[in-house]
Every structure is written in structure tokens, then in C-alpha cells.
Amino acid sequence: NGNTPSRLTGEIRVTSPNRKVVDAFAAVYGGRAKKWPDGPGGGQHEVFLPTTRLPITFIGGQTLTQHMELWQGATCQRRCDSVTMSGGEPCVCGADKPLKERDCKPVSRLTVACPDVPIAGVGILTTRSEIAAGELDGVLSLIGPALANGHSVDAILRVDQLTTPGHQFAVPRIELEGVSFQELHAAALSTPVLGPADAEPLALAGGE
């Protein structure tokens, strides 16, 4: 996904400056690739995949980044780690206010690959969901040691629609299934037998 956060719907949105990338996703999952005129830097493309489940792979050595950010259109006006801004000055994102009243909103980014799409490379899963911010941190705490040790990890990205009185919103979630804590612990203590480019991912979720 691109760097600019966008509100999730019942579909998964893929963006890229490379039209071949979004065309490849559309060929596998459906949807219509098109120009994204408001994308950062111009020349962006997007496709909304008609699915709420997407097989993904966490790449060994990758980490989760989370910041409080203020966006105006395709431009990030402020980025803060809740203590300091990206430029080193004190955070001015309204940390003293309740979360819903703050100028900045939480943005989580996680590097993943999509093994079913014939594109060599990785993308960035980006979400502004406050619920996802805490859940993604928990997932990375669980699988992080295995990733740090060079293992890749298969999972499922799922988008859930949640309803509260007067509101409906989407939350991205990661399904980790088919592996025990003991197996994750063993992966954290062992190195892949093959090189990083050839090693088989540690399967953590079954397919559809």
C-alpha cells in the first residue's frame, strides 16, 4: 500500500506508482486498476480488491513502525512518536488531549510481501485504525523474535467491519493460526537452513 493513510472499506486497497503492481493484484484477486490522481507525488495507481482476506508474508528482519501523524490531503504535516517530532522538536500532536480530540492520529506501517501475486518485492501495510495499532503491536511482539532471527512468517490479513451505535468502521487484523508458541520460540532460537532468499516461510495461517 502507499504511504498516504486512507479509510478502510470492505475491500483491501493497493496503491503503487508502478501500474504493473496494481495490475498484478487485480489479475489475481479481481478489481479494476486505475489512476489515483490525489496520490503522493502524482503518477500513482490504485485497485480495490473485492476481498477481505489476503495471504501475506512477514519478511525476516522487518519491524512495525507507529507514529502520530497529521495529514492534509497527500501531505504529512506532522509526524510524532508521542514524545518528539520527526525533526527532534517536542511533540505538538495534542498528546494532552483525549485520543479522539488530538490533531494527529495513529498510523501503523508494516512491511509485508504477498506470495500469491507474481511481483518480486515488498509493500507497506498502512492503517490509521486505533484498534489495529494495539493489535499489530501484539502480533509483532509474538512473531518478532522469529523475524529477527531471519525467518519469514506466513499469515492472513483480514479486514473486519465493526459496528458501534451510530458508527461502522473497518479494522485490519492479522490471523496467526496453525503454529504453537513452542514452535515460534524454537524459530526464534534457530536460523533458517537455507539462505534468506530461498528459505521457506514459517506457516502461521491456513489458506482459504
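Start with the whole chain of this predicted model: residues 24 or more positions apart account for 64% of the protein's contacts with a separation of 6 or more. Colour by secondary structure next, and three helices and eleven strands appear. Followed from the N terminus, the elements come in the order β-α-β-β-β-β-β-β-β-α-β-β-α-β.

Switch to a surface view. The accessible surface is about 11,100 Å², with 53% of that area belonging to carbon and sulfur atoms. Of the 208 residues, 37% count as buried.

Now colour by pLDDT. The average for the protein is 76, and 79% of the residues score at least 70. Select helix H1, residues 19–29, where confidence is highest, at a mean of 93. Then select strand E11, residues 202–203, where confidence is lowest, at a mean of 41. Widen that selection to residues 193–208: pLDDT is below 50 over this stretch, which has 34 contacts in the model beyond near neighbours in sequence. At the other end, residues 1–9 stay under 50 in pLDDT, and the model gives them 31 contacts beyond four places in sequence.

Finish in strand E9, residues 153–164, and select Asp160. Is Asp160 buried or exposed? Asp160 counts as buried because its relative accessibility is 17%, under the 20% cut-off. Show the side chains of Asp160 and Arg173: the two make a polar contact at 3.1 Å. Expand the selection to what touches Asp160, leaving aside neighbours within four places in sequence, and the residues in contact are Phe169, Ala170, Val171 and Arg173.

Definitions and conventions:
Residues numbered from 1 in each chain as written. Predicted model: local features only at pLDDT ≥ 70, side-chain atom pairs only at ≥ 80, totals over all residues. Heavy atoms only, no water. pLDDT = per-residue confidence, 0-100. Helix = DSSP H or I, 4+ residues; strand = E, 2+ residues; numbered from the N terminus. Contact = heavy atoms within 4.5 Å. Buried < 20%, exposed > 50% of the residue type's maximum accessible area, 1.4 Å probe, protein only. Polar contact = N/O pair within 3.5 Å; in protein donor to acceptor, adjacent residues only side chain to side chain. Areas by Shrake-Rupley, 256 points an atom, 1.4 Å probe, with all protein chains shown as cover.
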